[in-house]
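Reader: Mind walking me through this one? I'd like to go through the sheets, the rings and the odd backbone spots.

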Amino acid sequence: DVLKYLPGIRVSQPGSGETGEIFQFRGLIGNYYTKILINNLPIKPSVVNGMPLGAQLPIRQAERIEIIYGPAAAVYGADAVTGVINIITKEADKGTFVRGDLCLGEYEYDYINFMIGGKAGKNKNIMQYSFYGSKSAFNNMNIRSTQEDVYNPLYYLQKKGEKITLNGTDYEPINVTENVLKENSISEVDFKNQFYYKNYEGGIVNPAMEEIPSASHQIGFELKYRGFSISYNNMYRKAHSSLGRSTYLYKYNNPQNYWGEKIQRSVISYDKKWEKFSINSHLSFLSYRMDDNSSYGLTFLSNTDKAYIYSASDDIFAEQLLTYTPFPDLEIVSGASFQYSGNLPVTNYQSSPFNDNQYEAFMERGLTSDSLFGDFGLNPVTFYNISSFLQFYYVRKKITLMGGLRYDINSQYGNNLNPRLAALYKLGKRTTITGSYGSAYMAPSSSMAYQSLAYSGGINNDSIYYQVIPNTDLEPENFKAYELGIKRRFFRNIYVDLSFFYNEIENLIVDTYVPLNDLNLPLAIIGSDTSLVRTKINSSDAQSTLYGLQANFKFRDIVKSVKLNAELSFTFTQKTETQPEIGSIIGSFELMPDHMGQFRISFQPTNRFFVQFDNVWMSKWLRVLIPFEEIYSDPYESVDGYYTLDALINFNVSDKLRVFAKFTNIFDEKYGGINATGTDADLPYNPQLGRSIRAGLTYNFN
């Protein structure tokens, strides 16, 4: 919700079971390429492909959310590719504070959160504390409308370019309906037996569907005393595992098919300041565990319709920062960090829930092998990363300069050097020019490098269909960004911010197919439609570029008597992509619309009454590069653009109590979000939340 109205960012709610809600940051999937922090320290587990997002982050407990556009590798790490999002939780200035929200809405939505904090003591013996939590449940996500369109399983066969022959006549799969079957005297049962997988349920165009739920909760605390701080976060997220995926392959009629996961983080920090020096020391432990009942509902398995998955990671992170200010115009920051990680990448499909007692933190071998699959899909691994950086910040009259350099040593991917330079020049009191250059890299997670997918088959289920195999030789993608901006204030209340940007990715991670005959995989089933298996590779010839204009206009106190404010943002982009291999969502700018915009208008006719309208619109974009050899010549499919309107109404009952109503997607627009996986297994478009009304209370006491 925070990111939805920011320039150059678009969101998908929902996105997928694996990643949760998805956001796109200047053309790239932010869950993968953006560094997300809570109180200056990373919260993304090392094993996941992209940061899983739901309502489990402490957003309502935030004092502010800092967002940096562009690579920020020098200080924040080489994986801060498209930018940084830093969630800073509220601290007490004095005394005690209490705040909380209660919200109810349509489709069995409920949300509650609280935060209690305070400050006590005298002089240097001051204790600051905060304790907070939240719980969110959405038992029936409003994404099932237009079922006969987007959820039609025959779209999958249509994308594959297949034909359906009925009584000697060829039909495009999408043109097959109940009436067509009647005209050909073919029953639905016979049609499904011939063209659908064994476990498919529902009509030929309307799959069986039930309520599609999601839920999140979190709890945390922070204590500060004489420079020391201790904090803890415990976050859980659960979403339906089939979200955004084809109904031909995945089932939507069992709410118990979900992707669930828990993230726990413990941090000890120490800060100390002198006249010209300051130090910041951090030690954190980040634990990630999937819910061992996480599963997919699948149509294509021969002996069951449920496949369990599991993943885990543990990350120890230590960081030491030193800030030196030799004179007021110059600040120098240096630092070093060490991260040691143990991962169990996402397993292959399991016939029963994974026994999490098998996996111990930082183990590298010893997991029990499956009687059929052996060790396929069981790949515990450990690695480390050592980093050092130096950054300066210099201010002199009208000029501000910043430069930084970061050097990483990774046990899996070797050494990497990333610079960052930026300059600001004041042309006058009203006009500022900025320019920047930065580089970073996106290292593939272990779940990407060890991606494994196979399932049993054959007459006696004693053979194996291999779908995806690991590639442990993957290398990081390299990212460069250039930006030139101008900011100007017109009159007293109009602010204009223009940015021209150019982003480039090389050494792209892309999907490709390799002959199964060349791999010597045990018990492999090799047929006309199973002769190839998918894997990921780095393509040295593949390159993606995105360049464009981002414009932001702010109008303050247009009508002073009602405090009328407005903000208008436009983003125009063009992209080029050289991708000789089969494409994937990773490393592709093709999902970015050529034009997108946001317009927010708010007014406050009285001190107690506040109204805000948010408009968002997109032009069409390419859904995905469809990975089938026979249609390379015309591989793209577009998703139509859209327009949505949201509204917020606040009324202050007193200085402590506020009531609010939130209207989302007022016109009930049926539109698509960012695709779930970027492969052929996706729906034609990713259905987004329909119209909803929510109301609640907010309480603040200081």
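Reader: Is F338 buried, partly exposed or exposed?
Author: Some ground rules to start: this is a predicted model, where local features need pLDDT of at least 70, side-chain atom pairs count only at pLDDT 80 or more, and totals for chains, interfaces and linings use all residues. Residues are numbered from 1 along each chain as its sequence is written, and side-chain values use heavy atoms, with hydrogens and water left out. Buried means under 20% relative accessible area, exposed means over 50%, and partly exposed is in between (1.4 Å probe, protein chains only). F338 has a relative accessible area of 36%, so the label is partly exposed.

Reader: Which aromatic pair links W259 to another part of the chain, and what kind is it?
Author: Rings of Phe, Tyr and Trp (its six-membered ring) pair if their centres lie within 6.5 Å; planes under 30 degrees apart count as stacked, over 60 as edge-to-face and the rest as tilted. The structure holds 31 aromatic pairs. In one of them, W259 and Y296 sit 6.4 Å apart centre to centre with 65 degrees between the planes, which makes the W259 and Y296 pair edge-to-face.

Reader: Where do W259 and Y296 sit along the chain, and how many residues apart are they?
Author: Strands here are DSSP runs (E, at least two residues), numbered from the N terminus, while helices are H or I runs of at least four. W259 is in strand 15 (residues 258–273) and Y296 in strand 17 (residues 295–297), so the pair links distant parts of the chain. W259 is buried at 4% relative accessibility, and Y296 is buried at 6%. Their separation in sequence is 37 residues.

Reader: What about F338 and Y384: which class of aromatic pair do they form?
Author: F338 lies in strand 20 (residues 330–344) and Y384 in strand 21 (residues 381–396), so this pair ties together parts 46 residues apart in sequence. Y384 is partly exposed, with a relative accessible area of 35%. With 6.4 Å centre to centre and 25 degrees between the planes, F338 and Y384 are stacked.

Reader: Which ring does the charged end of K90 sit over?
Author: A charge sits over a ring if NZ of Lys or CZ of Arg is within 6 Å of the ring centre and within 35 degrees of the ring normal. R245 lies over the face of Y250, at 4.9 Å from the ring centre. For K90, the charged end is 4.8 Å from the centre of the ring of F97.

Reader: Which strands stand at the edges of the sheet in the order 1-2-3?
Author: Two strands pair if DSSP finds at least two bridges between them. Three strands make up this open sheet, with antiparallel pairing. Strand 2 (residues 20–25) is joined to strand 3 by two bridges, and Q24 stands opposite I29 in strand 3. Each edge strand has a single partner, so one side is left without a neighbour in the sheet, and the edges are strand 1 (9–16) and strand 3 (28–29).

Reader: In the sheet with order 5-4-7-6, how many bridges pair strand 6 and strand 7?
Author: That one is an open sheet of four strands with mixed pairing. Strand 5 (41–42) and strand 6 (62–69) are its edge strands, each pairing on one side only. I65 has I87 in strand 7 as its bridge partner. Strand 6 and strand 7 (residues 83–89) run antiparallel, and the bridge count is seven.

Reader: Which residues have the most contacts inside the largest nonpolar core?
Author: A nonpolar core is a set of buried Ala, Val, Leu, Ile, Met, Phe, Trp, Tyr and Cys residues joined through side-chain atoms within 4.5 Å. Another core, of 52 residues, lies apart from the largest, and A73, V381, M442 and W621 are among its members. The largest core has 60 residues, and those with the most contacts inside it are F23, F191 and Y349.

Reader: Where does the cis peptide bond involving P14 lie?
Author: P14 is in strand 1. Omega is about 0 degrees for the bond, which joins Q13 and P14.

Reader: What is the phi of N123?
Author: N123 is in the loop between strand 9 and strand 10 (125–138), and at 72% relative accessibility N123 counts as exposed. N123 is not a glycine, yet its phi is positive, at about 55 degrees.
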